[in-house]
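Here is a short tour for a reader who has not met this structure before. Look it over, then read on.

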Amino acid sequence: MKITDIIKNEIVYFDGGMGTLLQERGLKAGELPETWNILHPEVITEIHRSYYEAGANIIKTNTFGANCLKFDNLDEIITSAIKIANKAKEGFTNAYIALDIGPIGKMLKPLGDLDFERAVEIFAETIKIGSALDVDLILIETMNDSYETKAAVLAAKENSSLPIFVTTVYDENAKLMTGADPKCMIALLEGLGVDAMGLNCSLGPEQMKHIVPMLVEAASIPVIVNPNAGLPRSENGRTVYDVDADKFSDIMVEIAESGAHILGGCCGTTPEFIHKTIEKTKDLKPKPIEFKDTTLVSSYTHAVEIGSSPILIGERINPTGKSKFKEALRQNNMDYILNEGIAQQEKGVQILDVNVGLPEIDEVEMIRNAVFELQSVVDLPLQIDTVDIAAMEQAMRLYNGKPLVNSVNGKIKNMKDVFPLIKKYGGTLIALTIDEDGIPDTAEGRFRIAEKIIQTAKEYGIDKRDIIVDPLAMTISSDTNSANITLETVKRLHEKGIKTSLGVSNISFGLPNREFVTSTFFAMALQNGLNCAIMNPYSQEMMKVYYCYNALTNRDDNCARYIDFCSTVVTQTVSAASNVSGKIDTSDDEPLKKAIIKGLKEQAAAITAEMLKTVSPLDLIDTQIIPALDIVGKGFEKKTVFLPQLLMSAEASKASFDVVKASMISNNESVKGRIILATVKGDIHDIGKNIVKVLLENYGYEVIDLGKDVAPELVCETAVEQDIDLVGLSALMTTTVPSMEATIKLLRQKRPRCRVVVGGAVLTQEYADMIGADFYARDAMETVRYAEEFFA
Amino acid sequence: MIYLYSLCSDKVAISEKEVYRYLGYGKIYPNDEVTALINECVKEFNKFSAYKACYTEVDIDVDDKRELVDFGFMKVNSHSLTLNLRGCVSSYVFAATTGAMAERHIIKQNRLSALRGIVTDAVGSASIEHFCNILNKKLADTSASNGKFLRPRFSCGYGDFSLEYQPQILSFLDSSRKIGLSITDNLMMTPVKSVTAVIGISGTPVNCRSGCVECEKTDCQYRV
């Protein structure tokens, strides 16, 4: 019988710890256990056999750390491990072998320097070797990062057809080290189509007990529980784990009763632990595994369930009709996108729509960047919004979680393109009720397309729970019956248990005071059962409807969220009034200068707006902003002003500049010069570079920020393409100074006229001279001064 | 055997003075706006930090003449480390971190505002140092009860104790698995707010100079 069938109906047992047993047999601390596959195969065989003898069904090959970063002889290590396991299995029935895959031991970007695709390659190498030999399943275990887990599962799916089991490491608060909770992992792993999932390592069974129900109650696949024998501690110079086999097996009974189907052990557990667990649980009838009809999408920290309460999807990361955003995209300016993401999160959306399609840009590259950057700073699930299938695939692949994907439609070709991506990467789809014949003008017609899409998805193995139908809101300005048709479709879909979403803003296109119409339509759609709305969270009318609807439909305990919302509305009114009544003290001679020197951002902006009524923009810059910056800058150089104050003033002056810019009729702001900034290859710490950027921008320079860990080639290409004559490079570690040198050398070849200024914690004048830099800047102000001289 | 030690953020009271120092203030107090910002950043940081350490005790052999310290799992050639460990027969080896969520928080702050970025970064530095002090104290108490004394902790990068030893320490402690601490190809620890160190154990107390006084980098901006 196949292992995937057995685990659905019976309790199945994994083996326990390997490392602890090897240490007892002489493995030294720091020695790699996998080397024993070659040095002492008989010891590994004996341990595997002892687990089979104890009653375990599945043993894990001794390949936990077997990857190409640690072993030059990877093939030999894995091949011998699997040979050993098969030898140990001889004579046992119901005995299976899991190819054991542990974490790589390096952190993925943005936390570390390991690229996601490189991680996939590393896992793939191990999996290719192992799955070609005689094993029954792949166990990806002890994962403490959701992103690395995804890389491993993708590598397994792309290089083998074996069943995939996954266990991750939770802490006592039921979170992975990088933040994911159980539901989030369920969304990710069920989306990827793994066969069983659960938890192992770090905790003992007692501390795992409360996490097991969280998994069982939300998962539709069997749950694995492989605890440690508690925590190690020293007792009279001996190391002992604080849970013995009796206690361990007692708690494992409770864990089995709460619904876990696959039981075993991790660090500190021995064949005795497994044997006693089996003795006490073998007659238990496992809880049946129920399919959960819940629609989940997830980020790297949490899952959002679509169904019970309305979900807001922020629509603002979309260039349609936004000239500033288009400009930002053309310039690859990610700050704009990040700020939109953060601002919408603060307004209360639960999901962010990401659309970066413009005809003149490479959408594949742009959406990869946008997804990577957004998921570095925003913990909301993303909705990948594109019609470009290649861009859709790349974004889904790189995404750290289970995305919402916008969209598929009823056209055969489109479904053929999109469904395989959902099957491979996991995701919940927005399905538009349009097909080869266009958009039906009846609810019946749209409903039929929805059914067709759901039926076709099923043929690809995608369940209805992962399809959210968008019956298309179209403006009432061209067809006054269009809202009726859409609402009727929402209602019918809702009655059939099909989830729905609408891009609500379209309904008012072409009309005056669009918010009035859109928000009323939103309320009507919610009343008809709408589950999600792609909407503008900056619209108070829309947010009003959202909070009122929740309060009125018993979805807001004590109306608490509504009351919270109202408090922000009140504040806004009051603060607007205070501006009007002129509470800002402008009687002072130089109020703006003072606000900037003190670093008061809001005040600086407000005073600027007030002063612009009487002073010309250029005068304001010359008499207030620049002199204030100079005072602070000089103070910093004399060490009477420190870095935080310098940056506070910089932020205040930026706030002031923004108001000035907005007031200028033509946007012909004078740029003093254009400068590339980058933290060099291998260096992932870019605080210093960011400080320099803020100050340079303050002084009127345009900064092309290439970010951190930047290859020399990219610096040179950008300098050549954008005709740049000054480059600033930063490095934090002595170990990355060689990258700096390589970048300078390449620049000398490709762009000889370009000057290079270097800085960073470890840099000194001597280093700078040694690597051939043109200027060494001790701090951010020195870079500004150099730029001023350079562009003078 | 590698032992684990962890504390939640409310058990690690971050010293504001230390934060000032990391921000380059030396002995000067920042103004009210800055102190308010620091307080806010500390509060925010505490929502994300989860302190973890792994440590063990190893026998060591200190060869004064060759300036070589043998830890069993690595042999370190270093004048300053030999000086620090002279007379010790064993040593603690530890790795500690503020955790991946704190790291992500720093990255986020830094991405959004250079100002909040530097302040949060300084908070992170102060916090991990403080956590190490707490762990250090715990180890000192354990040793004291056995009649042993600890030397000041010594990290790769101090004096001529090369950063090149960092991967060996982390690998020996299995820190990636135990506490989620790994290292990049360029020897940068991730999470960045992490510390590894050795702490010599000896039978006699030695008045060892430590901290800034001992450091040879006299032009350091953080020197107190």
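Where does B:Pro191 lie in chain B? B:Pro191 sits in the loop between β9 (189-190) and β10 of chain B. The model is predicted. The peptide bond from B:Thr190 to B:Pro191 is cis, with omega near -5°.

**Strand β10 of chain B**

The strand that follows this loop is β10(B). Of the 9 residues of β10(B) (residues 194-202), 8 are buried, so the rest of the structure largely encloses this strand. Strand β6 (residues 90-97) of chain B runs antiparallel to β10(B), and 8 bridges join the two. In that pairing, B:Ala95 stands opposite B:Thr196. Strand β7 (residues 149-150) of chain B also pairs with β10(B) in the antiparallel sense, over 2 bridges. Here B:Phe149 has B:Ser202 as its bridge partner.

**Chain B as a whole**

Chain B has 7 helices and 10 strands. A compact globule of 224 residues would have a radius of gyration near 17 Å; chain B has 18 Å, which agrees. Its C-alpha trace spans about 55 × 35 × 35 Å along the principal axes. Buried residues make up 48% of the 224 residues. Take the contacts in chain B with a separation of 6 or more: 76% of them link residues 24 or more positions apart.

**Where the chains touch**

How many residues of chain A are in contact with chain B? There are 44, and they meet 45 residues of chain B. On the chain A side, β8 (232-235), α14 (334-347), α15 (363-377), α26 (643-663) and α27 (687-698) each supply at least two residues. The largest share, 6 residues, comes from α26(A). By type, this side of chain A divides into 21 nonpolar, 17 polar and 6 charged residues.

**Domains of chain A**

The domain assignment of chain A gives domain 1 (3-281), domain 2 (295-574), domain 3 (591-663) and domain 4 (673-791). The C-alpha centres of domain 2 and domain 4 of chain A lie 41 Å apart.

**Helix α5 of chain A**

Helix α5 of chain A covers residues 74-89. At 1.5 Å a residue, its 16 residues should span 22 Å; the end C-alpha atoms are 23 Å apart, which agrees. Which residues of α5(A) are buried? They are A:Ile77, A:Ile78, A:Ser80, A:Ala81, A:Ile82, A:Ile84, A:Ala85 and A:Ala88. An α-helix has 3.6 residues a turn, so residues three or four places apart point the same way. The cover over the buried residues of α5(A) includes α3 (36-39), α4 (41-54), β2 (58-60), β3 (96-101) and α6 (116-131) of chain A. After α5(A) comes A:Gly91, with a positive phi near 90°.

**Backbone details in chain A**

The loop between β3 and α6 of chain A holds A:Pro110. The peptide bond from A:Lys109 to A:Pro110 is cis, with omega near 5°. Two residues other than glycine with positive phi are listed below.

| Residue | Phi | Loop in chain A | Other C-beta atoms within 10 Å |
|---|---|---|---|
| A:Cys201 | near 60° | between β6 (196-200) and α9 (205-208) | 23 |
| A:Leu472 | near 65° | between β18 (467-470) and α19 (482-495) | 20 |

Why do A:Cys201 and A:Leu472 count as buried? A residue is buried if 20 or more other C-beta atoms lie within 10 Å of its own. A:Cys201 has 23 such atoms, so A:Cys201 is buried. A:Leu472 has 20, so A:Leu472 is buried too.

How values were computed
Residues numbered from 1 in each chain as written. Chains lettered and ligands numbered in written order. Predicted model: local features only at pLDDT ≥ 70, side-chain atom pairs only at ≥ 80, totals over all residues. Helix = DSSP H or I, 4+ residues; strand = E, 2+ residues; numbered from the N terminus. Expected span 1.5 Å × (residues − 1). Buried ≥ 20, exposed ≤ 12 C-beta atoms within 10 Å, placed from the backbone. Contact = placed C-beta atoms within 7 Å. Nonpolar A, V, L, I, M, F, W, Y, C, P; charged D, E, K, R; others polar. Rg over C-alpha atoms; globule rule 2.2 N^0.38 Å. Domains from an automatic or database assignment. Pairing = 2+ DSSP bridges.
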